[in-house]
Amino acid sequence: MIFLFSIGFLEIELLDIIDILLVTVLLYQLYKLLTGSVALKIFLGLLSVYLLYLVVRAAGMELLSIILGQFMGVGVLAAIILFQPEIRRFLLLIGKTTSLNHDRFWGFPWRREQSEKLSLTPFIEAAKSLAGKNTGALIVFAKSSELKYYAESGDLIDAVISKRLLMSIFNKHSPLHDGAVIISGNRIKAARCILPVSENQEIPASMGLRHRAAIGLTEITDSIVLVVSEETGQIALVRNGEAYRNLSSADLRVKLNQFLFDTDQKPAAAVSEKSVSAA
Ligand SMILES: Nc1ncnc2c1ncn2[C@@H]1O[C@H](COP(=O)(O)OP(=O)(O)OP(=O)(O)O)[C@@H](O)[C@H]1O
């Protein structure tokens, strides 16, 4: 044990400092995860019951402490059931940050080569045409994870990327137009995919299910999602639960380059409006 200093009768060791730092990081992550969601209110409710239980027990109020004690006994199980989506998101978040596939960390040359070959032109041109016709679209760019689970929720395609194919998929009369298209490994992997919808209550009402689904997926994965609004014809790009709305074709190219290939180019005309953060 490495002794550092003492405050009165308290002896502080290096391990105590590490312990406190880890708890702080954990609580901060928990706060970030719960903020803006109903879960935060449930968490505060449970915390209040627990504090009441401690007070009642210390005061020696037998009957109430037995009742609250019984409640606290099933508390862990109840918390797991109530916070199931948040626990899932938390574990996915840990998995995301420690991903063994992460290019920047491990720098596998073949993965980098593969992602650099992705041509952005078909997406930019398709987004522009779809926006011009007020046709909605949802395109997911997989990064460190292939998003197999989500791809399997739709129809597997595994096709070469082209503007014409993207246009046909999102054509309002196409049986594949509903849901999201997933791009992975320079292929259109699947269409009609169902994405997890964000539960962030701070998302503006102007954003419907399509945008919520884009935000939801990027909250739990490092994927990038392109959204074309059917209602307004606006183009948005979503990353880490944040939506960059009202992008021009030039902005879209710059942002896609930046988000997919980690380039630091700035938009030529900064007309984008960073709109919502669910992170
Ligand atoms: N969970 C989901 N996963 C994938 N796609 C979804 C999901 N929820 C909705 N969508 C897509 O979004 C469409 C509905 O969009 P809605 O009008 O509610 O959203 P919006 O964000 O307001 O979009 P828009 O601005 O285009 O109207 C659906 O027809 C479907 O294609």
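1. Helices here are DSSP runs of H or I with at least four residues, strands are E runs of at least two, and both are numbered from the N terminus. With that in hand, look just past α12: Asp262 takes a positive phi of about 60 degrees there. Keep in mind that this is a predicted model.

2. On confidence, the average pLDDT is 82, and 84% of the residues score at least 70. Residues 100–115 are a stretch to read with care, since the pLDDT there is below 50. That stretch has 11 contacts in the model beyond near neighbours in sequence. Residues 265–279 also fall below 50, with 45 contacts beyond near neighbours in sequence. For the model as a whole, the scores are ipTM 0.92 and pTM 0.69.

3. Some bookkeeping on the fold. The protein has 12 helices and 10 strands, and buried residues make up 27% of its 279 residues. Taking contacts with a separation of 6 or more, 59% are between residues 24 or more positions apart.

4. Now the N-terminal part. The unreviewed UniProt entry annotates residues 12–31, 37–56 and 63–83 as "transmembrane region". In the model, residues 12–31 are 90% helix and 10% strand, with the end C-alpha atoms 27 Å apart. Residues 63–83 come out as 90% helix and 0% strand, and their end C-alpha atoms are 29 Å apart.

5. What surrounds the ligand? The shell has 18 residues, and the closest are Gly208, Leu209, Arg210, Ser229 and Glu230. Helix α11, residues 209–220, supplies the largest share of that shell, with 4 residues. Sorted by class, the shell holds 8 nonpolar, 6 polar and 4 charged residues.

6. Helix α12 covers residues 249–261, and its geometry checks out: 13 residues at 1.5 Å a residue should span 18 Å, and the end C-alpha atoms are indeed 18 Å apart. Its buried residues are Leu252, Val254, Lys255, Leu256 and Phe259; do note the lysine in that list. Which elements do they pack against? The partners are α8, β7 (224–228), β8 (235–239) and β9 (242–245).

7. Val225 gives a view from inside one of those partners, as it lies in strand β7. Val225 counts as buried because it has 26 C-beta neighbours inside 10 Å, where the cut-off is 20 or more. Leaving out residues up to four places away in sequence, Val225 touches Leu138, Ile139, Val140, Ala214, Leu217, Thr218 and Val238. Ala236 is 11 residues away from Val225 along the chain, yet their C-alpha atoms are separated by 8.2 Å.

8. Two more backbone angles are worth a look. Asn134 is not a glycine but has a positive phi of about 50 degrees, and it lies in the loop between α8 (121–132) and β3 (137–141). Leu147, also not a glycine, has a positive phi of about 60 degrees; its place is in the loop between β3 and α9 (148–151).

9. Are Asn134 and Leu147 buried or exposed? Asn134 has 14 other C-beta atoms within 10 Å, so it is partly exposed. Leu147 has 24 C-beta neighbours inside 10 Å, so it counts as buried. When checking these loops by eye, I'd start with Leu147, the buried leucine with a positive phi.

Note on methods
Residues are numbered from 1 along each chain as its sequence is written. This is a predicted model: local features need pLDDT of at least 70, side-chain atom pairs count only at pLDDT 80 or more; totals for chains, interfaces and linings use all residues. pLDDT is the predictor's confidence in each residue, from 0 to 100. Two residues are in contact if their C-beta atoms, placed from the backbone, lie within 7 Å. A residue is near a molecule or strand if its C-beta atom, placed from the backbone, lies within 6 Å of it. Ala, Val, Leu, Ile, Met, Phe, Trp, Tyr, Cys and Pro count as nonpolar, Asp, Glu, Lys and Arg as charged, and the others, Gly among them, as polar. A residue is buried if 20 or more other C-beta atoms lie within 10 Å of its own, exposed if 12 or fewer, and partly exposed in between; C-beta atoms are placed from the backbone. The expected span of a helix is 1.5 Å times one less than its number of residues. UniProt positions are given in the numbering used here, feature names are shortened, and annotations may be inferred rather than shown by experiment.
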